[in-house]
Structures are given as structure tokens and as C-alpha cells.
Amino acid sequence: MGQRRVSLAKLTPPHLPQVVERTRLYRVLDRARRRPVVWISGPPGAGKTTLVASYLKARRLPVLWYRLDENDADPSSFFHYLSVAAKTLAPRFRKPLPVLTPEYVLGLPTFTRRFFQELSARLPRRCVLVLDNYQEVPSTSGLHHLLPYAAQELPEHMSLIVMSRQDPPAAMVKLEAERAMALVGPEQVVLSKAEAAAIIHLHARRGGDRSAKAFVEGVYRQVGGWAAGIVLTLEHEKRSNVSLPDRVRDAPEAVFQYLAGEVMERLSPEVQDLLLRTSVLPDISVSMAERLTNLSTAGETLASLHRARYFTECRQGRELMYQYHPLFREFLQQRARHTFPATDMSALRKTAAEALVTAGRIEDAVMLLQTANDWNSLAQVILGQAASLIAQGRIQTLETWIRSMPEGVRREIPWLTFWLAMTRVSFTPDEAY
């Protein structure tokens, strides 16, 4: 049950409210998908996720959606969760996909080819593999070197779409040279003036009169085609005639921080508190929001934020999961650190981590406990998961978790030393001994 809950948070595409269909970019993506890989890059808040999700919905394409994070630095974790996603999309296949155990490490390209051959054979025709938030994968990860081999094994009726704040890493540039990858850059992703006008009309419900056109011109002049900036500017100007300060116009993150702060002040204290407390979670279920806030109406508040397009995504699986836009979450976390005392923040993270462990979302719990420096709780989580991580081939993940703890703490818990040795026994037996 735990793995299933994790898969819904990590492997489910966002459920979109009513959005503006960007037919201009849909045609760009249609052409780009003639190549195996499409790489979409753009700044945070440019609307990459909404673009791809709405495109797939408009074209009625089946999708395997994978939202990356720093845990995917371990290729074994990446393959493990792809297997979980494939089982959800193609449950009639009972034979498991290959597991990246240590004996395959020296032949990773061969393993990758074989894995994607078997994966492609199971997925529906015309299926699109989406890798969202690719910038979260550390630059040192071996995953960058494996994706070109994966792309070579995709059949003609399938494609891979990667979304990132950055350009492709050097290891993947050869795909472009081989004409196996199409690039969709920031200059294409930004909203045209007509698209910005459509979004403004959708949010503000303004008509087509002269004053509305002047309003569109003013908003576009302030933040250009930056989707997040347009939405926040609209919220800012609903109750204020104050223009955006010149000092923050040139930096998207600064614009977001300024506008989000202005808009935040207009929310009720109860909603503000909910936003700050739940920002410690990467994905928020209604039950977790209720536990962190002691509000029985937490689910209704999250649903209303999503309906209002207030930088809150919704993912529908066995239970509703909400996720804040990365820029918005960064803003909320910064505000929470300044609002709550350090002891309260530590207690909040610990409570959230306990809820995550109960829900089977172990990776998220580990990251929270590391942030909170709660080493005793982290040790208990690691010891509870070590055997299953070894069985899944996720040796690097286990080693990284153990080494993240202070050496003095590790030495006080002999079982941690044992499992650390187990992660090295296939690679450096003398060190493991």
C-alpha cells in the first residue's frame, strides 16, 4: 500500500482546472514529437507543466508522468518507480520489469536498453513518457548518461518529453546532434500577447472593450509573457492601483516574492496558517493537511485554492493530492521560517515526517528529517527500509541516506554501520569488511 501511495504522488499528472489552450505551442509540440525526445526549457513559472498536461489532454494521448526529485540521482530509484508506473498503466503484465541490482552496474547501458525495450512493449500505443522537473536531478547523477540509451529504444509511436528550467546536460547533447531531440526553448514557451490576454480574460473575466485592452497592455508591459507573473499581477491589482516596483521587474524570483507577499496579506489568517504549515510537504493529502493544521476544513481550502488557480496543482488518484508550484512553495517556506520559532518548525517537520512514513512516502519523510536534523527518527526510518531498498537495487539511495547522518550518530547505532557495509560489498569488499 505504501508504494502505491508514493506512486500516486510522484507518477500522476496534474488535474487541470479550465486553462487557455495554447494551440500555437500544440503545433510546435506536434512537430517536435516526430523526434524521440522533446526537451522543453524555461524559467520557473513559465507554465511548462500546464502546457504539457493540457497538450496531452487535448491530443488524447496516454501518458506515463514522472516528477523527478533529488532521489532520482540514484538510477535504481528511477527504474524502480518507472516499474511502479508501468504496472499502473499496464496491470495485465504480471512479470516484473528488470531490477537494477549491483551485478548490472558495470553494464548500465545494456541494462537501460533492455529495460526500455520491455517497458515500451507494455505501454499503450502513442504513449508519451513525461519527465517533469528534470533540473532537480543533481549534475553528478549517472541518469544523464543513461537517457540517450533509453531514447534509442523508444519505438516510433512513442516519445519522451522532458521539462526543465535548464538546457540539456552535456551528456544528452549528442541526441540533438543525431537529430533525435527537439528543443523547445524559453523564447517559445513564454506567452504571446494574445495568450496573455486570454489568461487575463480567464482570470479577471474582462470584456473586450478599450479599457480591457489597455489593462492587458499594462500587465504585459510589466511582466511580459511570464505566466506566473501575470497571474500574481492580476491578484495584486484586484484591490490595489499600485504598480509593480521598478526595482523588482527584471528578476522573476524577486517579482514573485514581492507579489506573493502582497497577495498573501489579503488572505484570512486561517488560510495563511494552512499555507505556511503545509508548505513543509512536497505533496499534500487532505488528511495530512488536517493533521498539520488541526482544521477540519483544510480539504475545502485546498480545493478552493486549486479552483482559483492559486499556484496549487491537484493530482487525482485513490486520494486527492495537492502540490504548490515550486516558486510558491519556496516563498511559503521562507515565510514560514520567519513566522514560526525554530522549535515550532522542527516540531512541524517531525509531525509531517511521521505522517509521511505512515503513508508509505519514505523518501519525502527522509528529506524532512534531514532538514530537521532529527537523526534518531531518521535512523529508525532507514533501519526499517534498508532490507527492501537492497532488494530493489537502490543501494546508492541507502548509502546516501546513511552518510547524510553525522558520523558520531552513525557510530552509536551499529546496524547503520552494517547496512552501510552492505551497500559497498559488491563494489569494494575490503572497505565493506
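1. Leaving aside neighbours within four places in sequence, which residues is L281 in contact with? They are M288, L292, R329, A352, L356 and L368. Keep in mind while you look around that this is a predicted model. L281 makes a good starting place, as it belongs to the largest nonpolar core, a set of 76 residues. Together with I230, F256 and F328, L281 touches the most other members of that core.

2. There is another core to find, lying apart from the one with L281. This one has 38 residues, and L64, L68, F116 and V137 are among them.

3. Now for the overall picture. The protein has 23 helices and eight strands. Its radius of gyration is 23 Å, close to the 22 Å that the globule rule gives for 433 residues, so the protein is as compact as a globular protein of that length. If you want a feel for the dimensions, the C-alpha atoms fill a box of roughly 75 × 55 × 40 Å along the principal axes.

4. On burial and contacts: 53% of the 433 residues are buried. Among contacts with a separation of 6 or more, 72% are between residues 24 or more positions apart.

5. A word on the surface and the charges. The accessible surface is about 20,200 Å², with 51% of that belonging to carbon and sulfur atoms. The protein carries 55 positive and 44 negative charges, and the mean positions of the two sets are 7 Å apart.

6. Is I284 buried or exposed? I284 is buried, since its relative accessible area is 0%, under the 20% cut-off. You'll find I284 in strand 6, which covers residues 284-285. Its contacts beyond four places in sequence are T278, A289, L302, L320, M321, Y322 and Y324. I161, on the other hand, is 123 residues away along the chain from I284, and their C-alpha atoms are separated by 26 Å.

7. A53 is worth a click too. A53 sits in helix 3 and is buried at a relative accessible area of 9%. Not counting residues up to four places away in sequence, A53 touches P14, L16 and W65. One of these, L16, is 37 residues from A53 along the chain, with 7.7 Å between the two C-alpha atoms.

8. R122 is an arginine to check. R122 is part of helix 5, residues 108-122. With 13% relative accessibility, R122 counts as buried, because the cut-off is 20%. Beyond its neighbours within four places in sequence, R122 is in contact with A90, F93, K95, P96 and L97.

9. Two other arginines caught my eye for their backbone angles. Most residues other than glycine have a negative phi. R60, though not a glycine, has a positive phi of about 55°, and R179, also not a glycine, has a positive phi of about 60°. Where do you look for R60? R60 is in the loop between helix 3 (48-59) and strand 2 (63-67), and is exposed at a relative accessible area of 74%. R179 is in the loop between helix 7 (173-177) and strand 5, and counts as exposed at 59% relative accessibility.

10. Carry on into strand 5 (residues 181-184) and you reach L183. At 37% relative accessibility, L183 counts as partly exposed, because that value falls between 20% and 50%. Setting aside neighbours within four places in sequence, L183 is in contact with W39, P168, E176 and Q188. L183 and I40 are 143 residues apart along the chain, yet their C-alpha atoms are separated by 6.2 Å.

11. W39 turns up again with D167. D167 is in contact with W39 and S41, leaving aside neighbours within four places in sequence. D167 belongs to the loop between strand 4 (159-164) and helix 7, and is exposed with a relative accessible area of 58%. How many residues apart in sequence are D167 and L369? They are 202 residues apart, and 32 Å apart in space, C-alpha to C-alpha.

How values were computed
Residues numbered from 1 in each chain as written. Predicted model: local features only at pLDDT ≥ 70, side-chain atom pairs only at ≥ 80, totals over all residues. Heavy atoms only, no water. Helix = DSSP H or I, 4+ residues; strand = E, 2+ residues; numbered from the N terminus. Rg over C-alpha atoms; globule rule 2.2 N^0.38 Å. Buried < 20%, exposed > 50% of the residue type's maximum accessible area, 1.4 Å probe, protein only. Contact = heavy atoms within 4.5 Å. Areas by Shrake-Rupley, 256 points an atom, 1.4 Å probe, with all protein chains shown as cover. Lys, Arg positive; Asp, Glu negative; His and termini not counted. Charge placed at Lys NZ, Arg CZ, Asp CG, Glu CD. Core = buried A, V, L, I, M, F, W, Y, C linked by side-chain atoms within 4.5 Å.
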